[in-house]
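Here is a brisk report on one model. It covers a helix, some of the residues around it and a pocket.

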Amino acid sequence: RPVPEESWKQIYPKKTFSVTKWHLLTSRLYKLLEEFLAIGQLRKNPTAKSFYLARAYRKLGEEKHFNKTIANYQNQLQQQDLRDISYLQQMHDLTYEKYDYISSVNRKEKSNLQEVSNYLDTYFMASKLRQACYALSRAIIQQEEYQIHFMEDIIRLIEAEPDFLKVPAIAIYYYCYRSISEKDNEIYFIQLRKNINQFKDQFTPAEMRDIYTIAINYSIRRLNTGAAHYIRETFELYLLSLEQGFLIENGFMQDSTYINLVSLACKLEKFDWAKKFIEEHRASLSLNSQTPLYHYSLGKLFYEQGLPDQSLPHLVLVDAKASFIFLGARILQLKIYYEQQAFDPLESLLESLRVYLQRSKNLAYRKAHYANIIAFTKQLLSLSTMTKEEKLAFRKRVIEAEVLGEKDWILKAIG
């Protein structure tokens, strides 16, 4: 890091160093740097450049240049493929700039206020719907609470005027929102999938990544509540996202994405695909996760292939701070111990899992999932002493459990 006095001598070799003047100089330099960065972003966005140029011509009263530039700006917007929320905002800004021009040059001319209002409505509705989707998703996953106003009014307006669903940004986030908020009504998710397929080229890659993430999280949540038919749906969503490069950001793949893809592939008996994926994408994991997640994934693969003796050596090597890796490996161990009738290590493992869950604070709805697995596995240990009626009652409790990702395994164990 350069010393101020030395830098001062390079700039002003004949002047005495002044702390006050040095701070003033660096402050001005910082502001110039900020302007440079902002202008750099503007140069990367030709449509924004046209908009601000048109605004400058309007303020200068250059009617001819304004009309030419604003027409060019509108043409650029219409020719681009994007029809996302940013597009709606830009169209609102464009129409408002036209209105500002009309009202300042010829107030008797008929204005375009209705067009301005229409674009403001669509921009506002799409933005609120998107924000509500993000808020609901985080509320479920991270247990965070948000208050998003106007949602009831927006939903009521869309249902009263279905033409709003012709706007891609409104349609996508409307079905996202309804899917998350009414998870038991699959019709909204079916419509969401159709809209994703129809409009995926009309959103930026960054926004499509978020949309796929919302859809994937919805599917995973349905899976964790026992909706087994979402296995293929979730896998296909992941594959679409992977093919378009959305699952790797800044060179890294999220740990949960890696193991979820492995787990889903195994459930669909795509074992060769899973093995290839495990090896090819190991380097995409963070350094802290590479080793534990690699062994957990191989343990998962071997278990699902019916090779528990090859699975256990990998699972015992899993020592991770991330709860989902640790718990995932332990649940696999639990299943292997039960299937091999290794009841002593199984009881020890169940107790350690109970203590772990008791101490864990950030598992959200997944905590109930793991707690149910522990509780039902403990009951499996008493299965041989149960009467026929007790077994039927046990089976009924498992079937009715809302949060239980291992429901099929437990029901199979009950017989």
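## Helix, contacts and pocket

Cysteine 266 lies in helix 12. Helices are DSSP runs of H or I with at least four residues, numbered from the N terminus. The model is predicted: local features need pLDDT of at least 70, side-chain atom pairs count only at pLDDT 80 or more, and totals for chains, interfaces and linings use all residues. Residues are numbered from 1 along each chain as its sequence is written, and side-chain values use heavy atoms, with hydrogens and water left out.

**Helix 12.** At 2% relative accessibility, cysteine 266 counts as buried. Buried means under 20% relative accessible area, exposed means over 50%, and partly exposed is in between, with a 1.4 Å probe and protein chains only. Leaving aside neighbours within four places in sequence, cysteine 266 is in contact with Phe271, Ala274, Lys300, Leu301 and Glu304. Contact means heavy atoms within 4.5 Å. The C-alpha atoms of cysteine 266 and phenylalanine 302 are separated by 9.3 Å. Along the chain, these two are 36 residues apart.

Aspartate 255 also has its place in helix 12. Its relative accessibility is 16%, so aspartate 255 counts as buried. Sequence neighbours within four places aside, aspartate 255 is in contact with Leu285, Ser286, Ser289, Leu293, Phe324 and Ile325. Aspartate 255 and leucine 285 are 30 residues apart in sequence, but 6.6 Å apart in space, C-alpha to C-alpha.

**Helix 11.** This helix covers residues 230–243. Its 14 residues, at 1.5 Å a residue, should span 20 Å, and the end C-alpha atoms are 20 Å apart, which agrees. The expected span is 1.5 Å times one less than the number of residues. Which residues of helix 11 are buried? They are Tyr230, Ile231, Thr234, Phe235, Leu237, Tyr238 and Ser241. These buried residues cover an arc of only 160° around the axis, so they sit on the same side of helix 11. The arc is that of the directions from the helix axis to the C-beta atoms. An α-helix has 3.6 residues a turn, so residues three or four places apart point the same way. The cover over the buried residues of helix 11 includes helix 9 (186–199), helix 10 (205–224), helix 12 (255–267) and helix 13 (271–280).

Serine 219 lies in helix 10. It is buried, with a relative accessible area of 0%. Beyond four places in sequence, serine 219 is in contact with Phe189, Tyr230, Glu233, Thr234 and Leu237.

Leucine 240 is found in helix 11. It is partly exposed, at 25% relative accessible area. Apart from neighbours within four places in sequence, leucine 240 is in contact with Arg193, Asn197 and Tyr212. Leucine 240 and tyrosine 212 are 28 residues apart in sequence and 8.6 Å apart in space, C-alpha to C-alpha.

**Loops and backbone.** Histidine 281 lies in the loop between helix 13 and helix 14 (287–304). At 14% relative accessibility, histidine 281 counts as buried. Excluding neighbours within four places in sequence, histidine 281 is in contact with Leu242, Ile248, Met253 and Tyr258.

Most residues other than glycine have a negative phi. Glycine 245, which follows helix 11, has a positive phi near 80°. Two residues that are not glycine also have a positive phi. The table lists them.

| Residue | Phi | Loop | Relative accessibility |
|---|---|---|---|
| Glutamate 269 | about 60° | between helix 12 and helix 13 | 61%, exposed |
| Glutamine 341 | about 55° | between helix 16 (323–339) and helix 17 (343–359) | 59%, exposed |

**The second largest pocket.** Rolling a probe the size of a water molecule over the atoms shows where empty space is left. The second largest pocket has a volume of about 180 Å³. Of the 10 residues that line the second largest pocket, Lys183, Asp184, Thr225, Glu402 and Val403 are the closest to its centre. A pocket is an open set of points on a 1 Å grid over the protein atoms alone, where a 1.4 Å probe fits, with protein on both sides within 12 Å along at least five of seven lines; lining residues have an atom within 4 Å of a point. Grid points are joined across faces, edges and corners, and the volume is the space filled by probe spheres set on the points.

How many residues of this lining are nonpolar, polar and charged? The lining divides into three nonpolar, one polar and six charged. Ala, Val, Leu, Ile, Met, Phe, Trp, Tyr, Cys and Pro count as nonpolar, Asp, Glu, Lys and Arg as charged, and the others, Gly among them, as polar.

Terms used. Helix = DSSP H or I, 4+ residues; strand = E, 2+ residues; numbered from the N terminus.
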